[in-house]
Amino acid sequence: MKYKAVMIGGSAGSFQVVTKILASLPKGFPLPVLLCLHRLKHVRSGFVEALSIKSNLIVKEPNDKETIKAGNIYLAPANYHMYIELGNKFSLSTEDVVNHSRPSIDLSFITAAYTYRDKLIGIILSGANKDGAYGLKKVKDAGGIAIVQDPKECQVVTMTTASLKLTSVDHIFKTDEIIKFLVSIK
């Protein structure tokens with residue numbers, strides 16, 4: 001297997017895209033999918049359930065030090081930074097907000113890039129701030145694949161255009177192309 005994980009970051013306007021992607025991933029999808037999505041910090045329930053409705057895979061918020069397993073979808077818990085550690089485990093933190101956000105997409109992407117190096121697929125979706133742009137650059141710098149949702153399709157383009165300014169990405173994909181790419185992974 002060429003890749004070890006898929007990490008997706010998104011904010012405003014990304015929920016429908018993420019839901020469509022998750023609904024299209026088949027049972028037995030060979031990689032873990034790590035989601036770092038900006039959300040309201042005081043709303044602690046309902047988000048996982050909403051993402052689970054159409055997914056063929058298990059969607060869950062990881063616990064601190066939980067082992068990352070293929071075929072699961074992990075959503076960064078509200079108001080926690082989600083780090084990816086060597087040894088294929090999560091680490092959760094309540095350290096200061098980064099880019100006005102906790103969870104910070106940059107922090108999740110940076111730690112995943114360090115852990116998975118050239119075996120990581122990083123995807124940045126619609127969003128209203130620049131969080132994730134630097135993290136996607138670190139994915140690319142480590143040899144991973146950098147994908148950005150086509151800004152023409154985004155509800156809010158700040159996150160995707162910031163990523164495109166900072167990184168020479170591998171692909172600018174519409175949602176259906178992201179799905180086609182992911183389901184082609186063997």
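Here is a short walk through this predicted model, starting at one strand and moving out to the cores.

Let's begin with β4, which covers residues 72–75. Its side chains alternate: Asn 72 and Tyr 74 point one way, Ile 73 and Leu 75 point the other way, and all of them are buried. Strand β4 has partners, too. Strand β2, residues 33–37, runs parallel to β4 and is joined to it by three bridges. Within that pairing, Leu 35 has Leu 75 as its bridge partner. Strand β3, residues 58–60, is also parallel to β4, again with three bridges, and here Ile 58 stands opposite Asn 72.

Follow the chain on from β4 and you enter the loop that leads to β5 (81–85), where you will find Asn 79. Is Asn 79 buried or exposed? Its relative accessibility is 16%, and because buried means under 20%, Asn 79 counts as buried. The side chain of Asn 79 also makes a polar contact of 3.0 Å with the side chain of Arg 102.

Now for the nonpolar interior. The largest nonpolar core has 30 residues, and those touching the most other members are Val 6, Ile 8, Phe 29, Leu 35, Ile 121, Ile 123 and Leu 182. Strands β2 and β4 are among the elements that give two or more residues to this core, as are β1 (5–10), β7 (120–124) and the helices α1 (15–24) and α6 (175–183). For a closer look, pick Leu 182: leaving aside residues up to four places away in sequence, Leu 182 touches Val 6, Ile 21, Leu 25, Phe 29 and Ile 123. A second, separate core holds 25 residues, including Cys 36, Ala 113, Met 159 and Val 169.

Note on methods:
Residues numbered from 1 in each chain as written. Predicted model: local features only at pLDDT ≥ 70, side-chain atom pairs only at ≥ 80, totals over all residues. Heavy atoms only, no water. Helix = DSSP H or I, 4+ residues; strand = E, 2+ residues; numbered from the N terminus. Buried < 20%, exposed > 50% of the residue type's maximum accessible area, 1.4 Å probe, protein only. Polar contact = N/O pair within 3.5 Å; in protein donor to acceptor, adjacent residues only side chain to side chain. Pairing = 2+ DSSP bridges. Core = buried A, V, L, I, M, F, W, Y, C linked by side-chain atoms within 4.5 Å. Contact = heavy atoms within 4.5 Å.
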